[in-house]
Every structure is written in structure tokens, then in C-alpha cells.
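Q: Please take a close look at the largest pocket of this structure. I am new to the structure and would welcome a connected account of the pocket and of the parts around it.

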Amino acid sequence: MGSIISKNKSSTGSKTAGPVPMTYYAKAQSVKPPLIANENAYLGDVSSSEKLDPEKPISAGFYRLEKGTPLVYEYTYHEMKIILEGSYDISDEAGNKVHAVPGDVFYFPKGSKITFTTEDYGLAFYTGQRKKDAA
């Protein structure tokens, strides 16, 4: 949730030009993300705060993995992910293994190396502390 602030000043005390609008992406989940690795790993950013906050951007979108080659990914940024559909088998170099299903939430710290596999397919929504399309 956001913070409660004056209509005339931000939480840092600087004047604002007026209300800051939200952004809405209708049916964003209905589009298959672009292929990013192997024959079965898809990822696409839907939105990013990069233009508004270039020093500390966050980007968010959808990650889909279909049955096939496991995806091994080393995070160069912090990321949160929630499983929306299907399932994933997710493991890390520390020996943790989880069969992830819809509703499960993960935090992948910067520097973690994660392996994603699936018996069928999985779809997840993520938000990461990085620039748009920098995954």
C-alpha cells in the first residue's frame, strides 16, 4: 500500500504537479510472452517504473515455462514471483526444492541461481528490481 501524504507535498516534502495516475493493462495475462530461452521459456515485461524512477526501477510481467528443457537462471536483481497457473518444480543451489502451484509466492534474492522445470506448463507473474527487458 502507498503512504498517506498531503495533496500538496510528497513524502519528501517536494511539491507535486497534481495527482499521479495509475496505469491499467487490460487482459495483460491473455498474451503469450516472447520466447527468451531454449524452446520452452517465455518472459515478457508488461510494465516498468524505469521512466519515472530510473535509479531504482521495478519491472513486472509474466513468465511461462512449458514442458522441455529446464531453465537455469542466475538473478542479478531481486525478484518476487507468484504462480498463477499450472505448476513448476523450482530448486536452488542451497538444495531447496519446491513443487510450486497457483498461489505460491517466491522471493529470489540477487545472486541466487534457480532451476525451473515443469511436467506440463506453468505461468507466473513477477516483479523485479531491474530495468525493463533486462532479465
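A: The answer below begins with the pocket and then turns to the elements that line it and to other features of the surface.

The model is a predicted one. Its largest pocket holds about 340 Å³ of space. Lining this pocket are 14 residues, and those nearest the centre are Met-22, Thr-23, Tyr-25, Ser-47 and Ser-48. Two strands, β2 (41-48) and β3 (59-66), are the elements that give two or more residues to the lining. In terms of class, the lining comprises eight nonpolar and six polar residues, with no charged residue.

Thr-23, one of the residues nearest the centre, belongs to the segment before β1. Thr-23 has a relative accessible area of 56%, and because exposed means over 50%, this residue counts as exposed. Between Thr-23 and Ser-47 there are 8.9 Å from C-alpha to C-alpha, while in sequence the two are 24 residues apart.

The segment before β1 also contains Lys-27. This residue is not a glycine, yet its phi is positive, at about 55 degrees. As a general rule, most residues other than glycine have a negative phi. Lys-27 is exposed, with a relative accessible area of 70%. A positive phi occurs again at Asn-38, where the value is near 50 degrees and the residue is likewise other than glycine. Asn-38 is placed in the loop between β1 and β2. With a relative accessible area of 40%, Asn-38 is partly exposed.

Strand β3, which contributes to the pocket lining, also takes part in a salt bridge through Glu-66. In general, side chains of opposite charge can pair when their charged atoms come close. Lys-32 pairs with Glu-66, and their closest N and O atoms are 3.0 Å apart. Lys-32 lies in the segment before β1 (35-37) and Glu-66 in strand β3, so this salt bridge ties together parts that are 34 residues apart in sequence. Lys-32 is partly exposed, at 46% relative accessibility. Glu-66 forms a further salt bridge with Arg-64, in which the closest N and O atoms are 2.9 Å apart. Lys-32, Arg-64 and Glu-66 are thereby linked in a network of salt bridges.

The structure has four salt bridges by the rule applied here. Among them is the pair of Lys-81 and Glu-79, whose closest N and O atoms are 2.8 Å apart. Both residues of this pair, Lys-81 and Glu-79, are buried.

Two other surface features complete the account. The second largest pocket has a volume of about 200 Å³, and it is lined by Val-20, Pro-21 and Leu-52. There is also a nonpolar surface patch of about 430 Å², made by Met-80, Ile-82, Val-105, Tyr-107 and Phe-125. The elements that give two or more residues to this patch are β5 (79-86) and β8 (105-108). Tyr-107, located in strand β8, is partly exposed, with a relative accessible area of 45%.

Note on methods. Residues numbered from 1 in each chain as written. Predicted model: local features only at pLDDT ≥ 70, side-chain atom pairs only at ≥ 80, totals over all residues. Heavy atoms only, no water. 1 Å grid on protein atoms, 1.4 Å probe; cavity = no way out; pocket = protein on both sides within 12 Å on 5 of 7 lines; lining within 4 Å. Points joined across faces, edges and corners; volume = space filled by probe spheres on them. Helix = DSSP H or I, 4+ residues; strand = E, 2+ residues; numbered from the N terminus. Nonpolar A, V, L, I, M, F, W, Y, C, P; charged D, E, K, R; others polar. Patch = residues over 30% accessible without salt bridge, like charges linked within 9 Å, V, L, I, M, F, W, Y side chains within 5 Å. Areas by Shrake-Rupley, 256 points an atom, 1.4 Å probe, with all protein chains shown as cover. Salt bridge = Lys/Arg side-chain N within 4 Å of Asp/Glu carboxyl O. Buried < 20%, exposed > 50% of the residue type's maximum accessible area, 1.4 Å probe, protein only.
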